Amino acid sequence: QSNRSIQALMKRLIEAEDKLKPLSDDQLVIHLEDQGIKVARRTIAKYREALNLPSSFERKKRAELMTL
């Protein structure tokens, strides 16, 4: 699969996640493997950074601030 299609799928997974329990890069790897896409965790991190998506820790922190 092309990196663009993997990035698009990652973005959809992140947009659909529970904002208070965001998916880690390792969990994203597992979700993609379930769909037959084998990628390394480091590749996931690289694609996430390319898409300007924060880490799961940062996404959780933002979600917690929004609930205050």
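The following exercises, with worked solutions, concern a predicted model.

**Exercise 1.** Identify the members of the largest nonpolar core that touch the most other members, and state which helices supply the core.

*Solution.*
Step 1. The largest nonpolar core holds 14 residues, and I6, L32 and I44 touch the most other members.
Step 2. At least two residues of this core come from each of α1 (3-16), α2 (25-34) and α3 (41-50).
Step 3. The largest share, five residues, is supplied by α1.
Step 4. For L32, with residues up to four places away in sequence not counted, the contacts are I6, L9, M10, L13, I37, V39 and I44.

**Exercise 2.** Describe the largest pocket by volume, lining and residue class.

*Solution.*
Step 1. The volume of the largest pocket is about 180 Å³.
Step 2. Its lining consists of K11, I14, E15, E17, K19, L53, P54, R59, R62 and A63.
Step 3. Two or more lining residues are given by each of α1 and α4 (56-67).
Step 4. Six lining residues are charged, four are nonpolar and none is polar.

**Exercise 3.** Is K19 buried, partly exposed or exposed, and which residues does K19 contact beyond its neighbours within four places in sequence?

*Solution.*
Step 1. K19 is located in the loop between α1 and α2.
Step 2. The relative accessibility of K19 is 41%, and therefore K19 counts as partly exposed, since that class lies between the limits of 20% and 50%.
Step 3. Neighbours within four places in sequence aside, K19 contacts I14, R59, K60 and A63.
Step 4. A polar atom of the K19 side chain lies 3.2 Å from the backbone oxygen of I14, and the K19 side chain reaches the backbone oxygen of E15 at 3.0 Å.

Note on methods. Residues are numbered from 1 along each chain as its sequence is written. This is a predicted model: local features need pLDDT of at least 70, side-chain atom pairs count only at pLDDT 80 or more; totals for chains, interfaces and linings use all residues. Side-chain values use heavy atoms; hydrogens and water are left out. A nonpolar core is a set of buried Ala, Val, Leu, Ile, Met, Phe, Trp, Tyr and Cys residues joined through side-chain atoms within 4.5 Å. Buried means under 20% relative accessible area, exposed over 50%, partly exposed in between (1.4 Å probe, protein chains only). Helices (H or I, at least four residues) and strands (E, at least two) are DSSP runs, numbered from the N terminus. Contact means heavy atoms within 4.5 Å. On a 1 Å grid over the protein atoms alone, a cavity is a set of points where a 1.4 Å probe fits but cannot get out, and a pocket is an open set with protein on both sides within 12 Å along at least five of seven lines; lining residues have an atom within 4 Å of a point. Grid points are joined across faces, edges and corners, and a volume is the space filled by probe spheres set on the points. Ala, Val, Leu, Ile, Met, Phe, Trp, Tyr, Cys and Pro count as nonpolar, Asp, Glu, Lys and Arg as charged, and the others, Gly among them, as polar. A polar contact is a pair of N or O atoms within 3.5 Å; within protein, one must be able to donate a hydrogen and the other to accept it, and residues adjacent in sequence count only if both atoms are side-chain atoms.
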